[in-house]
Amino acid sequence: MAPLVSRRRLAPAAGERAGAVLGVVGVVALVFATSLLSSTPSIDSTPEVVRAHLSDHATSVMVSAYTIVVGGLLLVPFLASLHTFTARRTDVAQWRWTVTLVMGAIGIALLTLAGALLATATLLAEPPTADASVFAVFVAAKLVSTLALLPVAGVVAANARVIAMTQRRPDQWLLRFDIEIAVLAAVASVASFVDRGWLAPGGPVAAGAWLLVGVWVGALAVTILRGDHSLPEEGP
């Protein structure tokens, strides 16, 4: 009689668990910050309107700026946890990790730049800086924060289909929606530079795309924390 095959769970290391948790904190921060950013004037507003808003809401905008930076940096340990997790589950993980590393680094750099630009625009909103200068930096912040969705979508796409395996688990939805989330995030990033109406950079659509990415990261973090089921072991 052929031996039975069972699944053995590998408990994640402490660093891997910490990276997963920090990733969740990071995307929650990003969703919160991009939601605040989406409530600011659009890039089609006049420089006077933008400057007045930044001056009147300096505290909340600065909080959003710093939160974007912190959220982006918290994705660094998450990427490390993702690497160790996927490396155990596939024999062809090297190319995937290369794409993840490059796209993740670009995305984090863009998020950090967006936060810095937003903070700079808020500081410049105090007299006697010209309205045009404030407006230019503010628009750049919104553009960069939306453009960051593109490399993040690359991270999601590169790691699609390798996360949830065969067992019936809460993260099984990833098999159906990971590619779709990557596509929607990429479309939200690119379309904002084509249609500046309701798809305007830094608007609600971009914030919604970040929310979808956040849900994906959250489900993946749960998968990492639960341990790895993918390694078989022979039973008696």
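# Briefing on a predicted helical model

From the N terminus on, the elements of the protein chain follow the order β-α-α-α-α-α-α-α-α-β. The model described here is predicted. Its secondary structure amounts to 8 helices and 2 strands. The protein chain has 236 residues, and 49% of them are buried. Of the contacts in the protein chain with a separation of 6 or more, 84% are between residues 24 or more positions apart.

**Packing of helices α1 and α3**

- Two packed helices are described by the angle between their axes and the distance between the axes.
- Helix α1, residues 14-38, packs with α3 at an angle of about 150°, and the axes of the two helices are 6 Å apart.
- Because angles over 145 degrees count as roughly antiparallel, α1 is roughly antiparallel to α3.
- The crossing of α1 and α3 is left-handed.
- The residues of this contact between α1 and α3 comprise 17 nonpolar, 11 polar and 1 charged.

**Packing of helices α3 and α8**

- Helix α3 spans residues 58-87 and helix α8 spans residues 204-226; they pack at an angle of about 55°, with 11 Å between their axes.
- This angle makes α3 oblique to α8.
- The crossing of α3 and α8 is left-handed.
- On the α3 side the residues involved are Phe78, Ser81, Leu82 and Phe85, and they meet Val217, Leu220, Thr223 and Ile224 of α8.
- The residues of the contact of α3 with α8 divide into 6 nonpolar and 2 polar, with no charged residue.

**Helix α6, an enclosed element**

- Helix α6 covers residues 149-158, and 8 of its 10 residues are buried, so it is largely enclosed by the rest of the structure.
- The buried residues of α6 are Leu149, Pro151, Val152, Ala153, Gly154, Val155, Val156 and Ala158.

**Thr100 in helix α4**

- Thr100 belongs to helix α4, which runs over residues 93-124.
- Is Thr100 buried or exposed? Thr100 has a relative accessible area of 1% and is therefore buried, since buried means under 20%.
- The side chain of Thr100 is joined to the side chain of Asn159 by a polar contact of 2.9 Å.
- With neighbours within four places in sequence left aside, Thr100 is in contact with Leu79, Leu82, Val155, Ala158 and Asn159.
- Two of these partners also appear above: Val155 and Ala158 are in contact with Thr100, and both are among the buried residues of α6.
- Leu82 likewise recurs, being in contact with Thr100 and also one of the α3 residues that meet α8.

**Ser38 in helix α1**

- Ser38 is located in helix α1.
- Which backbone oxygen does the side chain of Ser38 reach? The side chain of Ser38 reaches the backbone oxygen of Ser35, at 2.7 Å.
- Apart from neighbours within four places in sequence, Ser38 is in contact with Gly202, Gly203, Pro204 and Ala207.

**Leu184 in helix α7**

- Leu184 is part of helix α7, residues 174-191.
- Leu184 has a relative accessibility of 48% and therefore counts as partly exposed, because the exposed class requires over 50%.
- Leu184 and Gly208 are 24 residues apart along the chain, and 9.7 Å separates their C-alpha atoms.

Terms used. Residues are numbered from 1 along each chain as its sequence is written. This is a predicted model: local features need pLDDT of at least 70, side-chain atom pairs count only at pLDDT 80 or more; totals for chains, interfaces and linings use all residues. Side-chain values use heavy atoms; hydrogens and water are left out. Axes are lines fitted to C-alpha atoms, for helices over the stretch in contact, and angles run from 0 to 180 degrees between N-to-C directions. Helices (H or I, at least four residues) and strands (E, at least two) are DSSP runs, numbered from the N terminus. Angles under 35 degrees count as roughly parallel, over 145 as roughly antiparallel, 65 to 115 as roughly perpendicular and the rest as oblique. A crossing is left-handed if the near helix is turned anticlockwise from the far one by less than a right angle, and right-handed if clockwise. Contact means heavy atoms within 4.5 Å. Ala, Val, Leu, Ile, Met, Phe, Trp, Tyr, Cys and Pro count as nonpolar, Asp, Glu, Lys and Arg as charged, and the others, Gly among them, as polar. Buried means under 20% relative accessible area, exposed over 50%, partly exposed in between (1.4 Å probe, protein chains only). A polar contact is a pair of N or O atoms within 3.5 Å; within protein, one must be able to donate a hydrogen and the other to accept it, and residues adjacent in sequence count only if both atoms are side-chain atoms.
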